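Thank you all for coming; I would like to walk slowly through one structure today. Please have the sequence and the picture open as I talk.

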Amino acid sequence: MNPRRNPRLPRTPGTPPVAGVPGLSRRRAMGLLGAGGAAAAGAVLLPGCGLGTGGISGGENGAGEVTGAFDWRKAEGAEISVLQTPHPYQVAFQPLLAQFTELTGITVNADLVAEADYYTRLNTELASGAGNYDAFMTGAYFIWTYGPPGWMEDLRPWIDNESATADEYDFDDIYEGLRTSTSWDFAVGSPLGTGGQWAIPWGFETNVLCYNKAEFDRRGIRPAETFDELRELAVDLTDRDENTYGLAFRGSRSWATIHPGFMTQFTREGCVDYTLEGDRLVAAMNSDAAVDFTRKWVDLARDAGPTSWTTYDYPDCTADLGSGTAMMVYDADSATYPQNIAGNSAEAGNLAWHPGPAGPDGNYDTNLWTWSLAMSSASRNKLAAWLFIQWATGRDAQSQAVQTGELGFADPTRESVFEDAFKAGLGDFPGYQETFERVIDSTRIHFTPQTQFFENTENWAVALQDIYAGDDAEERLDALAQASTDALDTE
Amino acid sequence: MSTTTAPPEAGGSGPVRDDPVRRVPAWRRALRPYLLSVPAVLIIAGILYPFVLGAYYAFLDYSAVVPEPVFVGLRNITGTLGDPVFWSSVRVTATYAVAATTVETVLGVGIALLLFRASLVGRLLERLLILPLMIAPVIAGVIWGLMFNPQFGVLNHVLGLGSTFDWLSEDRALWSVMLVDVWIFTPFVAILVLAGIRSLPREPFEASDVDGASWFYMFRRLMLPMMWPYILVAVIFRFMDSLKVFDHVYVLTAGGPGGATRTLQVGAFQNSITNLNFSLGSTYMLLLWVIVFITARYLVSVLGRAQRRAAGSED
């Protein structure tokens, strides 16, 4: 019984004309609908890749327009928009914004965007040149991308202008490694600390070891002092049957996997990411030392890291530490700090800090992350934005944030604030201060600044994942180095 | 109505002057079709402008480090087509789309057949079935990410896989993200096919029942051929959507480990938004659009044939 021949079934003509449209068959109409659907799909997809008008945004530096004696109320009545992401620094400052308004007469509209989406939003905002946000939170690495197109205001002229900056501001009170990390002249091979001051460090993190001291004490062990000892210790502390493991560190497919523990130990082991040969940067993450270190690092992830290491970001690492699943974390001190605050985790009160393994020569080179405040060059309220940045990165506000911050304020960027308010309120955080003091002088950005940072560094993380999945470390890093050098050559 | 368009009689008369329609000036009448088409034109322009702009970027060298765009012709396209990373993304995308659509279709049709016969349980399940569709894929990605976690995820616990089975490892990640897709979208296929089954004419089935045909015979020779158009509509929707998958893949793996789940959409996002290389991202999307366009045309032609077969107009 073939339904195609069933006379009782209603027959649909093959290609009837669409009502009211002579010559347009249903088949043709469906084809056009398919094409239209695809076009609509593309239309949804494609604009996501373009960001409107593009081009260099912003204009002349606004610092020169500010004259006369300094006065916090110079921009009274102005209203500024600030783009921020939820973070202990932002949480600490939120209640203080009213004080800023009272001091200056400037209204601050703070927009919060979750960190996962923050840079997508910020990229789009800056690339469009719309100037919707006058100031924004940024990491230092982003300066290497946002700076060259002219999306950021150079804050050096603002700092140097006595009409715009209070006498007591004391920019040099900010740790040197932080000041230099947010300054660059964008020339290939130039070190950090040259050129403009594109952002002012607001809070920062050193990447060190945090461990479960209660468990260490119970076992009668101490943190490792060398990288090989760390590997052995982490493996010893791993018990998959008990769902515990030795060391948590990031492994997701992101540039952010490279910069904390990996880059810190990579540098301590004497490795560098790029070398300057003539006027070009040549990737060096495939040097013998780098290959050896990378192989050990990936083995460490496999033998004593989280099972789903390739998806791990810092919240996963710190959550495992706080729950007692991970015995150690090699990541930002500010990320582990809240886990030791009573009520924040199961292991609160049991954690302690250690600088992590020293390099073979005893060095404690440490890579940093700093949340900084920057000004959009497209801002239409530059003086008000600068007053906000100046206030937020100033001694008084930062001291108050340290004292009242709900999630703490680790770490303050000013030496005076660390020595005074931060130390006074540190409480029972074993090893935190000692660790900080041990590494601070060698804490800076240890990456070579480059405009292709995110692409090349994400590819680095992909290479780690490939090695984790079984690729030969030497071959994979050779390919990575070649691709990274090529990317810079064709820039 | 024909009187309204008739030309006025010579000399004029009272009734003609009183007809309100007659007073509409000719230029306004001429303008009507254009005014009526304005919303459609605006909608099309709203779709086409960003599309054309995005396509145009594919022919520029435009990125954060090259903020003033330079026209480079086909260089981006030829460069991308010669890039093994792009072809890896094409392979991942094609595998994902084919496998996810196939599984969702088979399961969806199976569920629709199970729910076809009206019963209390069937009606209840029908309502429950729609729940995953109400969850945004991003949220589904977050939920499944927690479930996949080897340390504390429910899957390893329930399945007794311990803490060493990694659902998102390089060799399993693609299948795991497909599993999430299947979870979200199988109900879509089931509901669409179920609606189709319920709209089928009863007479052929009653007749074959009288003739003593078996259930399987009726399914194979009656129901399935008549269901094809509905199944194909579901396949078209799901396949085109799967080619453009992004949300839960990005949430779960960000395209990793390595390039294991880097679909074309994820690659385009990473190029455009993470790396701020707008031209390269647009090139990915333009090439994806070409793939979607060709696939859509083909599937729609298959659908047309199936509809004609189901209607008995084509052998």
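The centres of domain 1 of chain B and domain 2 of chain B, taken over C-alpha atoms, are separated by 44 Å, and I should say at once that this is a predicted model. As for where those domains lie, the domain assignment of chain B places domain 1 at residues 2–57 and domain 2 at residues 79–310.

Staying with chain B, an unreviewed UniProt entry carries the annotation "transmembrane region" for residues 34–59, 94–116, 128–147, 173–195, 222–240 and 281–300. Let me take two of those spans in turn. Residues 94–116 of chain B are 100% helix and 0% strand, and the C-alpha atoms at the two ends of the span lie 32 Å apart. Residues 173–195 of chain B are likewise 100% helix and 0% strand, with 34 Å between the end C-alpha atoms.

Now to chain A, which has 19 helices and 13 strands. Of the 491 residues in chain A, 54% are buried, and if we take the contacts in this chain between residues at least 6 apart in sequence, 75% of them join residues at least 24 apart.

A single residue can make this more concrete, and I have chosen A:Val108, which sits in strand E2 of chain A, residues 107–112. Is A:Val108 buried or exposed? A:Val108 counts as buried because 22 other C-beta atoms lie within 10 Å, where the cut-off for a buried residue is 20 or more. Leaving aside residues up to four places away in sequence, A:Val108 touches A:Ile80, A:Val82, A:Leu97, A:Phe100, A:Thr101 and A:Phe388. A:Ala384, although 276 residues from A:Val108 in sequence, is 9.4 Å from A:Val108 in space, C-alpha to C-alpha.

Finally, I would like to look at a pair of helices. Two packed helices are described by the angle between their axes and the distance between the axes. In chain A, helix H15, residues 395–404, packs with helix H16, residues 415–424, at an angle of about 30°, and their axes are 9 Å apart. The crossing of H15(A) and H16(A) is right-handed. On the H15(A) side the residues that meet the other helix are A:Arg395, A:Gln398, A:Ser399, A:Val402 and A:Gln403, while H16(A) brings A:Ser416, A:Val417, A:Asp420, A:Ala421 and A:Phe422. Sorted by class, this contact of H15(A) with H16(A) has four nonpolar, four polar and two charged residues.

How values were computed: Residues numbered from 1 in each chain as written. Chains lettered and ligands numbered in written order. Predicted model: local features only at pLDDT ≥ 70, side-chain atom pairs only at ≥ 80, totals over all residues. Domains from an automatic or database assignment. UniProt positions renumbered as here; feature names shortened; annotations may be inferred. Helix = DSSP H or I, 4+ residues; strand = E, 2+ residues; numbered from the N terminus. Axes fitted to C-alpha atoms, helices over the stretch in contact; angles between N-to-C directions. Left-handed = near helix turned anticlockwise from the far one by under 90°. Contact = placed C-beta atoms within 7 Å. Nonpolar A, V, L, I, M, F, W, Y, C, P; charged D, E, K, R; others polar. Buried ≥ 20, exposed ≤ 12 C-beta atoms within 10 Å, placed from the backbone.
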